Amino acid sequence: MATDTIETNLKENRVFKPSREFARQAHVKSAAQREALSKNAARRPEKYWEKQAAELKWQKKWKKTLEWKPPLAKWFVGGQLNVSENCLDRHLTGPRRNKAAIIWEGEPGDTRTLTYHQLHRETCRFANALKNLGVRKGDRVILYMPLVPEAAIAMLACTRIGAVHSVVFGGFSSQSLRDRIQDTKAKIVITSDGGYRKGKAFGLKQQVDDAVEECASVKKVVVVKRTDQTVGWHPQRDVWWHDAVEGQSAENIPIPLDAEHPLFVLYTSGSTGKPKGILHTTGGYLTVAASTARQVFDLKEDDVYWCTADVGWITGHTYVVYGPLANGATTFLYEGAPMHPGPDRFWSLIAKYGITIFYTAPTAIRAFMRLGDSHPQKHDLSSLRLLGTVGEPINPKAWSWYHTVIGGGRCPIVDTYWQTETGGIMISPLPGATPTKPGSATLAMPGIDAAVVDKNGKEVPNGKGGFLVIRKPWPSMLRTVYGDPERYKKQYFSEFGPKLYFTGDGARRDKDGYFWLLGRVDDVINVSGHRLSTMEVESALVAHPQVAEAAVVSIPHEIKGEGIAAFVTLRRGTEPVAATTKELEKAVVKAIGAIARPDKIRFTDALPKTRSGKIMRRLLRSVASGEAVSGDTTTLEDFSALTKLQEED
Ligand code: WTA
């Protein structure tokens, strides 16, 4: 599969230069300016990051910029700041005071606008409510919410009092929620009676009730009233959001926090074991969130910026909430499904709110592309000036469609490569400076030392594929895997030694040094830009009483990028019946959530294994995607297992 990607990409040799008009008004105006920035940053990275950090408000200046004891990094040591103060209070003295901070639209079409002054007020009230409920500095708070303004308010309120938030995507199951609550030992869960999606009110409270039953750490559950559904109620434990903030003062002094104070934990799938709680800290994270949002999205005072991610993902943290607000920008939030009530909802929102910057995932672009040009063409999209993508490689065809049909040929596209672990964008065009090539994330951001290396950690020449690493620490790098420092080392800093951060992605650079991402090299599947571990899906399948063994691999999927194929061996004496597939799908949805539902389930008598007993996923991937099995099969234990699978195909 990796070779395929290289071949397809090699055929792509169009170059799109930023227009003169765009370049003239951009923060970074030319390729030469970007190169100078990058060169200086490469020579003195700490100086570069000091300059970016100095754009923030510090309550106490740091003493030491970087303390690097590979693989452990501390940034801006001795400095103190508060994230919510940087995102809110800072903007209250000038004309931004009455500027929209958040413009929100619910799926049914209801809308709310919060100016910086109002968002500050609501955040202070909720921060006071949290304190009143017993939340103290360092306590963990779980958010399990639809995309309503309260989600952003809750995040900001946590940062204001030094509580550590962990947002769990509302599409995850109660079991996933339970695991994350248990891992963080959270004191409080903030949720809602539900939200709207695809024209229906879905519930969240029941999942919380189920999860919390097994979580002794949880003392209170705060519930936002969004849908007016009837919900179960535990009077000792549950409190409505509106009751919690009732009578709370709209003043709250943001407490100074050490630059290395934990800001949030966000769970993401790794190749093995349970999800990893990625820990980000205060000063370094905000420095990169703010500076990359400014440079990559070229944020200006009058922009209406829309990143379509949910706050349950890292993109929702860095580029829906913290990055834009730290820049005093207007960030737009939409609660519901992209195709509701019709396939033109996104485009109608762009026209209605005059969105100027639009940032979404390739999977969404492909889904829209398939529906044809007529839906976007119904709407006036002329307010757009910049487009972005994130989450997976974008194929040149989807890039071209996005460029022409959505961007009217006039908007630069920033294809931004980064990860939950990196906290902010690592590789991306700067829209006024970087000529783009469809399918390439182009160049490393200033201050980021990205490289493609071979398995010995040696940089490969341009044109050759290899592993993507980052060779120097950067301020928004993850600090650890929550509660598991060993896993941090093993996962990210062992493949190529303790100094090189390994992304888990394959990449190559072309003759101009541009990066082309080739997908994951480990057992992580990227479904619609969401990382899922083969391991977790397999565990969910094996938990079914009839299943003896399961192997899960990715298959190419037209819309989702990658889909999930499961090979399942049943216990001896049991035969798959019509209902078995449905039952197995259900088991996965229950354990993880609907995003992990397998696209294909195949029953087989035996799985191809190495002599040491390892499932040969490489072979299964070929079988699942209908390709000829190539490469080395000499370690295969029982060739007949493979032949049989191919024959059945
Ligand atoms: C993939 C999302 C190609 C990659 C911000 C990475 C990409 C994983 C791109 C991280 C891109 C993200 N081009 N691949 N522009 N952006 N990826 O943690 O495999 O949800 O490792 O963070 O998505 O996914 P995560």
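# Exercises on a predicted model with a bound ligand

In this predicted model, 17 residues surround the ligand, and the closest are Asp415, Thr416, Thr420, Asp505 and Arg531.

## Exercise 1. The ligand shell

Task: State how the residues of the shell around the ligand divide into nonpolar, polar and charged, and which elements each supply at least two of them.

Solution.
- Step 1. Sort the shell by residue class: six residues are nonpolar, six are polar and five are charged.
- Step 2. Locate the contributing elements. At least two shell residues come from each of α12 (314-326), β20 (413-416) and β25 (515-520).

## Exercise 2. Polar contacts and burial

Task: Find N or O atoms of Gly391, Asp415 and Asn526 that lie within 3.5 Å of a ligand N or O atom, then give the share of the ligand area that the protein buries.

Solution.
- Step 1. Take Gly391. Its backbone contributes an N or O atom at 3.1 Å from a nitrogen atom of the ligand.
- Step 2. Take Asp415. Here a polar side-chain atom is 2.7 Å from a ligand nitrogen atom.
- Step 3. Take Asn526. An N or O atom in its side chain lies 3.4 Å from an oxygen atom of the ligand.
- Step 4. Turn to area. The ligand taken alone exposes 530 Å², of which the protein buries 96%.

## Exercise 3. The sheet of seven strands

Task: Give the strand order of the open sheet of seven strands, explain why β5 and β20 each have one side without a neighbour, and describe how α12 packs on the sheet.

Solution.
- Step 1. Read the order, which is β5-β4-β17-β16-β18-β19-β20; the pairing is mixed.
- Step 2. Identify the edges. β5 (111-115) and β20 each have a single partner strand, so one side of each lacks a neighbour in the sheet.
- Step 3. Give the twist: from one strand to the next it averages 20°.
- Step 4. Examine one pair. β16 (residues 304-307) and β17 (residues 330-334) run parallel and are joined by three bridges. Trp306 has Phe332 in β17 as its bridge partner.
- Step 5. Add the helix. α12 packs on the sheet and touches β4 (100-105), β16, β17, β18 (357-360) and β19 (386-390). The direction of α12 makes about 165° with that of β16.

## Exercise 4. The sheet of four strands

Task: Give the order and pairing of the open sheet of four strands, and explain what its edge strands lack.

Solution.
- Step 1. The order is β21-β22-β24-β25, with antiparallel pairing.
- Step 2. At the edges stand β21 (450-453) and β25; each has a single partner strand, so each is left with one side that has no neighbour in the sheet.
- Step 3. Neighbouring strands are turned against each other by 45° on average, direction ignored.
- Step 4. β24 (residues 501-509) pairs with β25 over five bridges in the antiparallel sense. Opposite Arg509 stands Phe515 in β25.

## Exercise 5. Backbone geometry in loops

Task: Place Pro71, Pro341 and Lys185 in their loops and state the backbone feature of each.

Solution.
- Step 1. The peptide bond joining Pro70 and Pro71 is cis, with omega about 0°. Pro71 sits in the loop between β1 (64-69) and β2 (72-77).
- Step 2. Another cis peptide bond runs from His340 to Pro341, with omega near 0°. The loop holding Pro341 is between β17 and α13 (345-353).
- Step 3. Lys185 is not a glycine, yet its phi is positive at about 50°. Its loop lies between α8 (174-184) and β8 (188-192).

Methods:
Residues are numbered from 1 along each chain as its sequence is written. This is a predicted model: local features need pLDDT of at least 70, side-chain atom pairs count only at pLDDT 80 or more; totals for chains, interfaces and linings use all residues. Side-chain values use heavy atoms; hydrogens and water are left out. A residue is near a molecule or strand if one of its heavy atoms lies within 4 Å of it. A polar contact is a pair of N or O atoms within 3.5 Å; within protein, one must be able to donate a hydrogen and the other to accept it, and residues adjacent in sequence count only if both atoms are side-chain atoms. Accessible areas come from the Shrake-Rupley method with a 1.4 Å probe; for residues, only the protein chains shown count as cover. Ala, Val, Leu, Ile, Met, Phe, Trp, Tyr, Cys and Pro count as nonpolar, Asp, Glu, Lys and Arg as charged, and the others, Gly among them, as polar. Two strands pair if DSSP finds at least two bridges between them. Axes are lines fitted to C-alpha atoms, for helices over the stretch in contact, and angles run from 0 to 180 degrees between N-to-C directions. Contact means heavy atoms within 4.5 Å.
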